[in-house]
Amino acid sequence: MRCGCFTRVSSQLLSLTYGREMKKLMEVFKPDVVIFHYPNPFAAHYLMKYKDRDFKLVLYWHLDIVKQKVLKYFFNRQTKTLLERANQIIATSHNYIGGSPYLSKYKTKCMVIPNCINEERLKVTDEIRRRAEQLRQENKIICFGIGRHIPYKGFEYLIEASKYLDDRFRIFIGGQGELTEKLKKQAVGDKKIVFLGQLSDEELISYYSGLDVLGGLM
């Protein structure tokens with residue numbers, strides 16, 4: 001089920017229909033298990049209306065709220081309520097559990113499911129080797145950055161750093177996002193930087209195979 005969003009505030013999408021759809025699910029479907037992806041304060045507001053219902057809550061913890069220096073304090077109570085209500089909390093590493101000021105207080109509820117990849121997508125074929133070799137024929141130091149073009153990925157710093165590099169380097173930037181046009185304007189006049197747009201799996205592995213320096217990830 002998808003709900004339309006009318007605006008975004010501090011990376012948080014807001015919807016006029018989400019609360020109504022949540023109510024339908026909880027009242028009609030009556031789930032035995034709810035898996036909630038954190039952080040999402042807007043959705044958490046509606047979920048916590050049903051916190052006294054008889055369902056198991058699995059809290060999939062992606063990251064602490066750190067960027068919003070002021071707003072994060074307004075969500076402290078909500079975050080604590082979620083953690084208290086959760087039957088199980090999933091994190092991506094033991095280091096993250098120990099280093100998070102939130103998760104470290106609820107270690108007994110936490111379990112680790114590492115970030116995973118599909119190894120089949122990473123197979124290097126003869127065609128990929130050929131493309132990688134073509135990249136190297138320029139005899140440049142190849143830097144490759146890939147990911148959504150959004151603020152916290154830091155592509156603007158990669159472009160700024162290029163100003164201090166000489167022509168021995170070539171910087172390829174893959175992906176797209178809300179900042180794509182702004183990043184392209186920032187890079188105007190810098191012939192070292194090449195924007196690649198969206199890449200197929202074969203193209204992506206070709207750049208992985210031919211690079212010297214890897215930048216921001218998805």
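## The four-stranded sheet

Two strands count as paired if DSSP finds at least two bridges between them. On that basis, four strands of this predicted model form an open sheet in the order E9-E8-E7-E10. The pairing is parallel. E9 and strand E10 (213-214) stand at the edges. Each has a single partner strand, so one side of each is left without a neighbour in the sheet.

The pairings can be taken one by one. E7 and E8 are joined in the parallel sense by six bridges. Gly-145 has Ile-173 in E8 as its bridge partner, and Ile-146 has Gly-174 in E8. E8 and E9 pair over four bridges, again in the parallel sense. Here Phe-172 stands opposite Val-194 in E9, and Ile-171 faces Ile-193 in E9. E7 and E10 run parallel and are joined by two bridges. In that pairing Cys-143 stands opposite Val-213 in E10.

## Confidence

The chain has an average pLDDT of 90. Of its residues, 94% score at least 70. Among the elements, helix H8 (residues 180-186) has the highest mean pLDDT, at 97. Helix H3 (residues 71-74) has the lowest, at 64. Where pLDDT is low, the predicted coordinates should not be read in detail.

## Burial of E8 and E7

How many residues of E8 are buried? Six of the six are, so E8 is largely enclosed by the rest of the structure. Both of its faces are covered. Phe-169, Ile-171 and Ile-173 lie on one side. Arg-170, Phe-172 and Gly-174 lie on the other. Arg-170 is thus listed among the buried residues of this strand.

E7 is mostly covered as well. Five of its six residues are buried.

## Crossovers and helix H7

Two β-α-β units involve E8. E8, H8 and E9 make one of them, and this unit is right-handed. The other involves E7 and E8, which pair over six bridges. The chain crosses from E7 through H7 to E8, and this crossover is also right-handed.

Helix H7 (residues 155-162) lies across E7, E8 and E9. The helix runs at about 160° to E8.

## Helix H9 against the sheet

Which residues of helix H9 (residues 201-210) are buried? They are Leu-204, Ile-205, Ser-206, Tyr-207 and Gly-210. An α-helix has 3.6 residues a turn, so residues three or four places apart point the same way.

The buried residues of H9 pack against three strands and a helix. The strands are E7 (141-146), E8 (169-174) and E9 (193-197). The helix is H6 (126-136).

## Ala-187, between H8 and E9

Ala-187 lies in the loop between H8 and E9. Its relative accessibility is 8%, and Ala-187 counts as buried. Leaving aside neighbours within four places in sequence, Ala-187 is in contact with Ile-159, Ile-193 and Phe-195.

Lys-163 is 24 residues from Ala-187 along the chain. The C-alpha atoms of the two are separated by 9.3 Å.

## Two nonpolar cores

The largest nonpolar core has 25 residues. Leu-47, Leu-57, Leu-59, Leu-82 and Ile-89 touch the most other members. Several elements each supply at least two residues of this core. The helices are H1 (18-29), H2 (41-47) and H4 (76-85). The strands are E3 (33-38), E4 (56-61) and E5 (88-91). Leu-47 shows the kind of contacts involved. Residues up to four places away in sequence aside, Leu-47 touches Met-22, Val-34, Phe-36, Phe-55, Leu-57 and Leu-82.

A second core of ten residues is separate from this one. Its members include Phe-155, Ile-159, Leu-179 and Leu-183. One of these, Ile-159, is also a contact of Ala-187.

## Glu-21 in helix H1

Glu-21 is found in helix H1. Buried or exposed? Glu-21 has a relative accessible area of 18%. The cut-off for buried is under 20%, so Glu-21 is buried. Not counting residues up to four places away in sequence, Glu-21 touches Met-1 and Cys-3.

Notes
Residues numbered from 1 in each chain as written. Predicted model: local features only at pLDDT ≥ 70, side-chain atom pairs only at ≥ 80, totals over all residues. Heavy atoms only, no water. Buried < 20%, exposed > 50% of the residue type's maximum accessible area, 1.4 Å probe, protein only. Contact = heavy atoms within 4.5 Å. pLDDT = per-residue confidence, 0-100. Axes fitted to C-alpha atoms, helices over the stretch in contact; angles between N-to-C directions. Right-handed = clockwise from strand over helix to strand, strands pointing away. Core = buried A, V, L, I, M, F, W, Y, C linked by side-chain atoms within 4.5 Å.
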